[in-house]
Amino acid sequence: MSQESLHGRWSISDSEDEDNIIPPTPQKTSITPSIKPDIGSKPNNITTFLKQEPKQSPNKKAEEGTLNVKEASAPSIGSEARKAAHVNQTKPAKFESKVSPSVKRKRETDEGGWNLSDSDDEASPPPVAKDEAKKLNVSPKRKKTEDTRPPSPHGTGYYKEEPADFFETNLLSMNDMYRFYLNKVSGIQKKFNTGALHIKEILSPMFGTLKESVQFNYCFDIPWMVEQYPLEFRDKPVIIVHGDKREAKARLLEQAKPYPHIRFCQAKLDIAFGTHHTKMMLLWYEEGFRVIILTSNLIRADWYQKTQGMWMSPLYPRLPEGSPGTAGESPTNFKRDMLEYLEAYRAPELADWIERIKQHDLSETRVYLIGSTPGRYQGPAMEKWGHLRLRKLLSEHTRPIPNEERWAVIGQFSSIGSMGLDKTKWLAAEFQHTLTTLGRAEKSLPSSQPQMLLIYPSVENVRTSLEGYPAGGSLPYSIQTAQKQLWLHSYFHGWHADVTGRSNAMPHIKTYMRVSPDFTQLAWFLVTSANLSKAAWGALEKNNTQMMVRSYELGVLYLPSAFNMSTFPVEKNVFRGSASSKGFPVPFDLPPQRYSSKDQPWIWNIPYTQAPDTHGNVWVPS
C-alpha cells in the first residue's frame, strides 16, 4: 500500500509487532551508509552530524551547514541521535531557489530510523548480523570514538542575552490558583511573558534560599545549567538524575568535572528502548521544600524560543519534629505518590531526599501525580503508572457529564511513536478509553465516541516559527514511522497559540484535556513529559492482563473536584495579569484548527526546499 504526497510515495510497512521486527533488506539509497562517532549509549546506529553544503560560499560555511544524516549498520530508534538533535537541533542550509533534490528512500520496517524522538518509539529491530553488516560494508564492532557537541544550529551568535527587565523581580504577577506556568519566550511581546518563568527565575532567591537540589531530566548541558543558578547558590549540592549509559554517561561525567558539587544518579532502564524522560526539580530551601514538574530539557534551546510548561508546587513547610512520615498528606495523595515514584528508582542517591520529603507538609497540593516507570505490571500494580493510572484517577475523581460524547479529547505533543497499522491497535482502543473516562462506568460506551483532536505542528508552522526549520529538530516525527500510520494524520490540527503570543514558538510542551462542545470548559487538564507513544504511556499485553511501560515520565493532572469546581472555565485572557481569575490558562487557541488540504505534519528527516524559513534557510537532510 502506498500514498502519494508532497514528499513522494510512502511505502507502508506491514510490520506492526514492535518487538518482532525483521531488519529490512538493504537497498540502494541516497543516504550513504557509514559509521559516525557514537553520540551516546542506547541503540544509536543512526546518528547526525553537520556537513557543509558544497554550494555554500566560503564566508557562509562557519554558520550555515547542511545536516548530513548517515546510516550505519542497522536501522534503530536512534535514542542518542535524538538527544543530539535536542541539543543541537539540526543545522539548515541556506535557501537556493534551484534546489530540488530527489531523495530516494528505502523501505524500512523499523520503529523510527532517524526518529530523534523525545519519547522513544516502542521498539527497534535486533542488530544486523555479521553477513548483513558485510553487505553494508561496515563493521558491527567498530570502535566508537568521542566527539564534541556541535555548535548551535543558528551559529554562535544566535542566542541573545535578555535585558534585565525580561526577568521577574517579584511574585505579584504569578497566578497561584493553578500554579501552571509557561516558560518565557525570547522575541515575543513583553506582555506575553508577564507571569511566565525562565529557569533563572525558578532557581533565584525569589522562591527561596536554596540549600540543595535534584535535577531529573533527559538532556543536559551541565555548564549552561550551572550558570542558571544565581552566584550565591552556584556551589550548592546538585544531584543529576539521568538515563545515560556508556559513552553518553562518560561525556556527562566529563562535563561535570569542573563542578565538584554535582553528583549523579543513573536511572535503571531495564526494558529495551526506554528513556529517562522525566523532567523535575526538587528544591530544598532554608524555608522549606518545593517540587517543579516541567517539560523543558536542561539545554539553552529549550528555554529560548519554544513553548514549554510547568507546574510549580507551593513552598512546603517542614513538619514539627517527630511527625510521622504519613503526615502532611494532601487530598490528592500527592506526597504518597511522589514518594512511591522516587522509590521506583531503587537508587541510594535519592534515599536522603525521600526522607526529606517525608519531613515536609505537602497538604496544600491540589494536583494529582501521574508517572510512568519502566516495567511489566499485573494486578493492582497495572493502575500505578502510565495511562491506566490516568484512567483510574478519572474514574474515581470525576463525574459523568450530560452529553459527554460531545466533549472532545485534545492531545498536544512534540513527538509521535509507532501505533500500528490502524487506530484500533492502541490509539482508539485502550488509550482513547482512558482519555474518555469520566466517573465510574455504569453503562456501556455510547455508540458515538467523543472526537479526538491531536495538535502537532505542520510544516508551515515550523517554517514560519521564530527558530525556523531548526525548530523541527525537537519535533522528531520520522518518515519511517509516519509512512506506517497515514491513518493518524486525519486527526491532526495545527499549532496556533495567539492567546499566549506563542503561535511562532514551537511546542515542546505536552498537554492533554477534555473540552466542552463550545470549548469554554475543561473536564480535566494534564501537563506532562509524555508524548504520544506507547513507550511513554504504556500498552496492554497478554490479553489485557499486563501493562508494559518502557520509559520514565512525569506529569500533573488537574481535576475540578480538587478545586471545588465542576469544570474549569477556559481563560480567554491568559496574560491579563489578574491573579484572581478562575479561568484555566490553556496554552494554545481553542478550538484547534484542522490541517488544511495543503498542510502536512512536520517530518524531520525529509527535505523542505520549496520555501525558505524565517532565517532564509531550507531543510536538507542529505
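Here are a few friendly notes on the cysteines and salt bridges of this predicted model.

1. Let me start with the sulfurs. The structure contains 0 disulfides. Two cysteines may catch your eye: cysteine 219 is buried, at a relative accessible area of 1%, and cysteine 265 is buried too, at 0%.

2. On to the charged side chains. The structure has 17 salt bridges. As a general point, side chains of opposite charge can pair when their charged atoms come close.

3. One of these bridges lies within a helix. Glutamate 355 and lysine 358 form a salt bridge, with an N to O distance of 3.3 Å. Both belong to helix α7 (residues 351–358), where 3 residues, or about one helical turn, separate them. Glutamate 355 is partly exposed, with 40% relative accessible area, and lysine 358 is partly exposed at 27%.

4. Next, have a look at the network of salt bridges that links Glu383, Lys392, Glu396 and Arg440. Within this group, glutamate 383 and lysine 392 pair at 3.8 Å, N to O. Their relative accessibilities are 38% for glutamate 383 and 26% for lysine 392, so each counts as partly exposed.

5. Another pair in that network is arginine 440 with glutamate 396, whose closest N and O atoms are 4.0 Å apart. This bridge connects distant parts of the chain, 44 residues apart: glutamate 396 sits in helix α8 (residues 386–397), and arginine 440 in the loop between α9 (427–435) and β16 (452–455). Arginine 440 is exposed, at 53% relative accessibility, whereas glutamate 396 is partly exposed at 35%.

How values were computed:
Residues are numbered from 1 along each chain as its sequence is written. This is a predicted model: local features need pLDDT of at least 70, side-chain atom pairs count only at pLDDT 80 or more; totals for chains, interfaces and linings use all residues. Side-chain values use heavy atoms; hydrogens and water are left out. A disulfide is a pair of cysteine sulfur atoms within 2.5 Å. Buried means under 20% relative accessible area, exposed over 50%, partly exposed in between (1.4 Å probe, protein chains only). Helices (H or I, at least four residues) and strands (E, at least two) are DSSP runs, numbered from the N terminus.
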